[in-house]
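Q: Could you take me through one part of this model in detail? I would like a close look at how the domains of a chain are laid out and how they meet.

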Amino acid sequence: MRWIKEIAFAFVALTLLMTILQTDSLFHYIQTIFLFKIFVLVSIPVIVFWIFMSIRDYLHQRGIFYYCAQTFRSISIPSIAKYVIVIVLLGNFMAIGFGKQHYPFYDVGMYRWPKEYWNRDKTAYEVKYYYQQSGGYKILELRKESSFLLAEHFGWGYSNDIAYATTYFHKGEKENFKFLSHEMKERGIDTLWAGVHSYNFETHELTFDPDICNAININQTSDLYYGPIYIPTYQLEKCDGH
Amino acid sequence: MGINIREENILVRMEQPGSVHQLAVFRILLGLQIIYSSSGKIFQYVLQVPDISNTKNIFPLWLNQWVDAIAVPYLQPVTQILGIFLVLGLFTRYILPILFISFVLLFSFYFSRHNAPHPWLYIWFPLLLLNFTKSSDALSLDKLFSFIKPLHDASSKVYRWPIEMIAAWLAYIYVAAGMAKILPIYKGWHWLDGGTSQDMMYHRFLYSMDFYLFKHSFFDYSQNQWIFIVLSIASIGIEFFCIMIFFTRRCHIAIFILLMVMHFFLYLTGVLGFMQLALILSLSLIHPVFFEKLFTTQKLKTTSV
């Protein structure tokens, strides 16, 4: 029971401490937001009290920190490994505490900053590359290509990370298009165009519009994930000529 | 039945019997993952596209510049080849330090240009740990060719502590991910309003496995806030539940199932990178006795044939 109390107290104190450490403009907020000033004024004594109690318990050879330190010392692990584990533990603790990353120490905070909920348009758009095939068209489904079972073009080496990078992270870059275009040319596909894939979440209607001019329009005007995609110059010129 | 933390915690478990085969299987799976991860065209790709990441690492500038120059021509093939050696368990003791350095530097280059925590986050510490273990005492060419002398006791505690440390690493990844979502606490509630889940599912749908397989969303992602709230709370609940790994083994099966359900759902909805890695680390949640029984049975079958 004592352990549970200690862990709970440590959790509260560390939550307060990390909140202060992770607030970038701390002094600005203290000066401008009254509630935040109260929060800091309440938090600091709690954190100091927790540190005091933890040190006192350790010196009296009791408590969870003393137990962990002593047990860890007594475990039959190679000494160098113990030092390495402690260094990694401290590095990661700093990363988590400050909410910052210094590779390879990581706070695992890729979803740290929340997006706001709002009722969105029923129809979601995605501008995708496609190519002509047998009088019709075929969409280049970039994320599908990272699956062993579903891939149609790229295969080994085209893993989830590059699929993510080509689909989202670098989608607006000319170099991304050049990379994909080159890969597809190696597979006998000369020209990629941009078209509009859309899905209505209410009616479940799925459409793909290969109209190159509509793709340019949607690319500029719609709320697209990671922004607009790169549209090749020949598509822009062809559309201008219409 | 109450949990006796003093008797069941991870530090106590490190001194309990382990399994030479569990550690060896982990070594093989980690090696396969390293080969797969280091064979990606992402390394060549990030050299071509502009560097838009703003990441930091612990290395000095001169080292980063050097790594930039050698990553693709040298570090990538070296990591792949040493990964094969790790899988085979050949010269394991000698290749592990070089593989670790090579891997960490290669993925430093990756992270500096591709701001994503997979796959290196799951791999680097377990790979570092293997340097201090007898991971080639079974299922290895080192053993087959008598390059090493394995311990007589296949259930020695020497094989247990690395597995428990890997379980601790798994717990760290998920608990830290949960903490990052709710800290600083004044924006924690904001995370729980479901906006992030909605943003992800709404925008990624047309590039998700769900779409590729079923062409149909699970529900209307443009509305139904309560479902996104439930999903957000569930994800944080599962992530924080992983802290139980430190205190007891009794929740391991539940943790494994919940993590797999979470990752499979994420996989379907467009977050593809983590399930395979979580599966590899989850090997540490299996009790060593399972592996000893499995391999003893195999051995008996082979002997009787």
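A: Happily! Chain B splits into domain 1, covering 19-153, and domain 2, covering 155-305; these bounds come from an automatic or database domain assignment. This is a predicted model, in which local features need pLDDT of at least 70 and side-chain atom pairs count only at pLDDT 80 or more, while totals for chains, interfaces and linings use all residues. Residues are numbered from 1 along each chain as its sequence is written, with chains lettered from A and ligands numbered from 1 in the order in which they are written.

Between the C-alpha centres of domain 1 of chain B and domain 2 of chain B there are 23 Å. Where they touch, domain 1 of chain B supplies 21 residues and domain 2 of chain B supplies 20 residues, a contact being two residues whose C-beta atoms, placed from the backbone, lie within 7 Å.

Now to the domain 1 side of that contact in chain B. Two or more residues each come from helix H3 (20-38) and helix H7 (120-130) of chain B; helices are DSSP runs of H or I with at least four residues, strands are E runs of at least two, and both are numbered from the N terminus. H3(B) gives the most to this side, with nine residues. By class, the domain 1 side in chain B that touches domain 2 holds 13 nonpolar, six polar and two charged residues. Here Ala, Val, Leu, Ile, Met, Phe, Trp, Tyr, Cys and Pro count as nonpolar, Asp, Glu, Lys and Arg as charged, and the others, Gly among them, as polar.
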